[in-house]
Amino acid sequence: MKRTNTFAVRPLSDDDEQVLRDLLDASAALWNEVNFQRLMRYNDENGFEGDVFEADTGRLEGKYKGVLGASTAQQVIGKNTEAWKSFFTLKDQYHDESNTSVTEHPEPPGFRGNEDDGRVLKGVIRKDAYTVEWGARSRLETVVGEQLRDRHNSPKSRLRLEVVGDPNWPDYEDQSRLDLWYDETDSTFRASQPVTVSDDSRGTPLADHKAALDIGANNLVACTTTTGDQYLYEGRELFQRFRDTTREIARLQSKLPERRSLSESRKTSSSERLEEGRYSSERIRRLYRKRTRRRDHAQEALCRDLLERLYAEGVDTVYIGGLTDVLDTHWSVETNAKTHNFWSFKKFTERLACTAEEYGISVEVRSEAWTSQECPQCGSTDRTTRHQDTLTCPCGFEGHADLTASETFLRRHTEKAVRPMARPVRFEWDDHNWSESPRSHESPNEQRTDPSTVHRDGNVVSGESA
């Protein structure tokens, strides 16, 4: 069973941090050179002819192995090869009229920054070129090239980094290649370690309860279980920050030199326009990465938080609606932007299914058409009215629209008795965790008395590596 440990790492000294940065920068530079050779062959430009996989990667491997080590240089080239193969697969699917999974023409693999504006610090390490030790002094050690050691007057053949926090899967049978990168969002080095664990590590729910999820645009997830529990994960603030970042990206794009009017361009020298262009384009790339990282972090944390709760309740099956139902029922420009760009519905459902597998919970896609408009009392769908989060019906029903939809969705697809609903638990995102909202389980006059949070830190590593 494949799983992934994702964790932060810290250099033990300023010198070690510079070694790590040089290692990742060289990895990005090698990726760019390989990608350029292949892109020129793909476009048949500048005299480059032949298949994209005929690029002279051997010469490039020799150029960079002194800094990266031969094994790491091979892994960077191999990962670029995988990216191009994936691109061609998606391209074939796009042109296949019987295949509706790819709706936009795919783009060839991109570059990882450039020398002038700064490269994206990202690399990959072969499975036998690194070790991770978990415990009181958790640490990661990875091979570095001889030229890089000489550049920093370092006798160590391996770079040692402190590992922050505890892994989800400390006991594994095998490990795969390690991804290592610098996260500009929170100025942290991070690592992703794919591992193989035994099937015995998979959780087994203690009962056979069911749950249904309503994936929304404002409330990200509304969940109802047959145990009578309801959870609501609110997303308005997250979407507002996403929209603010998008507007800032658009503002910076409008200031790029090539988009200036002729009269504005004449007011600045060519060197000033070039410097402004470099600054703006780098800011734009940073904002794109920050926006994506923020969303992915919130998604991963939501899946983990929700499924841990469902597992504890004995839920063995989660029903989730298809994307077509969402767009057919609620389509608008804003909802489409939220569903596709902001929350990335398909990516979220894939992440949810992957995380659910860890707990032995199955995820089933079912039709949820009209559940958000159906009155649970009289069954009407054409007389109900939705205003923001409230669903009302002339029969006298009034309730939370998304929670009502998830309950209707659940009752429609399970034969198991659904217990009476308890007061819903609401969650808000604080950039790190989904925390229970002050409005949960309380009347408007009540106040929270213990808003404490727990912060976890890493384990300090000491000692030298030979």
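Helices (H or I, at least four residues) and strands (E, at least two) are DSSP runs, numbered from the N terminus. Welcome to the tour! This is a predicted model, in which local features need pLDDT of at least 70 and side-chain atom pairs count only at pLDDT 80 or more, while totals for chains, interfaces and linings use all residues. Residues are numbered from 1 along each chain as its sequence is written, and side-chain values use heavy atoms, leaving out hydrogens and water.

**The whole protein**

Show everything to begin with: the protein has 11 helices and 20 strands. Of its 466 residues, 47% are buried, meaning under 20% relative accessible area (exposed is over 50%, partly exposed in between; 1.4 Å probe, protein chains only).

**Stop 1: Gln 299**

Select residues 270-313, helix α7, and pick out Gln 299 within them. Is Gln 299 buried or exposed? Its relative accessibility is 0%, so Gln 299 counts as buried. Now show its neighbours: leaving aside residues up to four places away in sequence, Gln 299 touches Trp 343, Ser 344, Lys 347, Phe 348 and Arg 351. Touching here is contact, with heavy atoms within 4.5 Å. The side chains of Gln 299 and Arg 351 also make a polar contact at 3.4 Å. A polar contact is a pair of N or O atoms within 3.5 Å; within protein, one must be able to donate a hydrogen and the other to accept it, and residues adjacent in sequence count only if both atoms are side-chain atoms.

**Stop 2: the β5 and β6 hairpin**

Next, select strand β5, residues 130-133. Tyr 130 and Val 132 point to one face and are buried, whereas Thr 131 and Glu 133 point to the other face and are not. In a regular strand, side chains alternate between the two faces of the sheet. Add strand β6, residues 139-143, which runs antiparallel to β5 and is joined to it by 4 bridges. Glu 133 stands opposite Arg 139 of β6. The two strands form a hairpin with 5 residues between them, and Gly 135 in the turn has a positive phi of about 150 degrees.

**Stop 3: Gln 388**

Finally, go to the loop between β16 (385-387) and β17 (390-392), where Gln 388 lies. What is the phi of Gln 388? It is near 55 degrees, a positive value in a residue other than glycine. Most residues other than glycine have a negative phi. Gln 388 counts as exposed because its relative accessibility is 61%.

Technical notes:
Two strands pair if DSSP finds at least two bridges between them.
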